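Open the model and keep the sequence beside it. The walk below goes strand by strand, then turns to the helices and one core residue.

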Amino acid sequence: MLKKIAELNSGAVLITGDGKRLARIYLSAWGKAGRRILAEYLPFQVDGDVYIGSPFESDDFEVYLIVNPLSRSKAEREKLKDWLGEHRDKLVLLYEHKYVKDSITRYGMKEFIDYLIAYKRETVGFERLDVMRLENGRVVESKTYVRRY
């Protein structure tokens with residue numbers, strides 16, 4: 001399922017739990033495919049050309065990076081939800097520092113998210129990655145990956 005996400009042409013992917021490494025891999029893969037990326041700001045290093053700016057003011061890009069969408073005020077989340085509805089043909093990576101998995105149902109933008117990746121670093125020496133495919137805010141497919149370090 002992780003490879004399917006890297007090959008997406010449109011849709012919204014939410015990465016929660018501070019999964020910088022995974023977000024960097026996806027942005028680099030999409031950038032190497034020749035897509036133009038616009039980011040609000042970069043919390044990590046990315047290979048390729050990335051433009052910095054507000055995604056709400058430009059429609060000229062194929063990929064957008066929006067940082068901490070769930071930590072914003074209710075008015076900003078509503079604005080983002082409307083923007084996501086208008087840009088279903090674009091590829092949007094929503095990168096959230098806090099861990100959100102099942103509690104995504106509390107947020108109104110769940111209907112616009114196609115994939116949810118919940119990254120969690122456990123204290124006993126492994127990382128856990130829960131990947132869910134959503135349709136209309138409901139989980140239709142789920143897979144868990146575990147990596148020991």
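Thr16 has Ala118 in β6 as its bridge partner. The two strands involved, β1 (residues 11–16) and β6 (residues 115–121), pair in the parallel sense over four bridges. Strands here are DSSP runs of E of at least two residues, helices are runs of H or I of at least four, and both are numbered from the N terminus. Two strands count as paired if DSSP finds at least two bridges between them. This is a predicted model: local features need pLDDT of at least 70, side-chain atom pairs count only at pLDDT 80 or more, and totals for chains, interfaces and linings use all residues. Residues are numbered from 1 along each chain as its sequence is written, and side-chain values use heavy atoms, with hydrogens and water left out.

Follow β6 onward. Seven bridges join β6 to β7, and these two run antiparallel. One pair to find is Arg121 with its bridge partner Glu127 in β7. Four residues lie between the strands of this hairpin, and Gly125 takes a positive phi near 95°. Next comes β8, which pairs with β7 in the antiparallel sense over ten bridges. Here Leu129 has Tyr145 in β8 as its bridge partner. The hairpin of β7 and β8 has two residues between the strands, and Asn136 in the turn has a positive phi of about 55°. How much of β7 is covered? Seven of its ten residues are buried, buried being under 20% relative accessible area with a 1.4 Å probe, protein chains only.

Now take the whole sheet. It is open, has eight strands and mixed pairing, and follows the order β3-β2-β4-β5-β1-β6-β7-β8. Its edge strands, β3 (50–52) and β8 (138–148), each pair on one side only. Neighbouring strands are turned by 20° against each other on average, direction ignored.

Two helices meet this sheet. Helix α2 (residues 20–32) lies across β1, β2, β4, β5, β6, β7 and β8, running at about 160° to β5. Helix α3 (residues 74–86) packs on the sheet, touches β1, β4 and β5, and makes about 155° with the direction of β5. Angles run from 0 to 180 degrees between N-to-C directions, with axes fitted to C-alpha atoms, for helices over the stretch in contact.

Finish at Leu65, in strand β4. Leu65 counts as buried because its relative accessibility is 1%. Beyond its neighbours within four places in sequence, its contacts (heavy atoms within 4.5 Å) include Leu27, Leu38, Phe44, Leu93 and Tyr95.

Definitions and conventions:
Buried means under 20% relative accessible area, exposed over 50%, partly exposed in between (1.4 Å probe, protein chains only).
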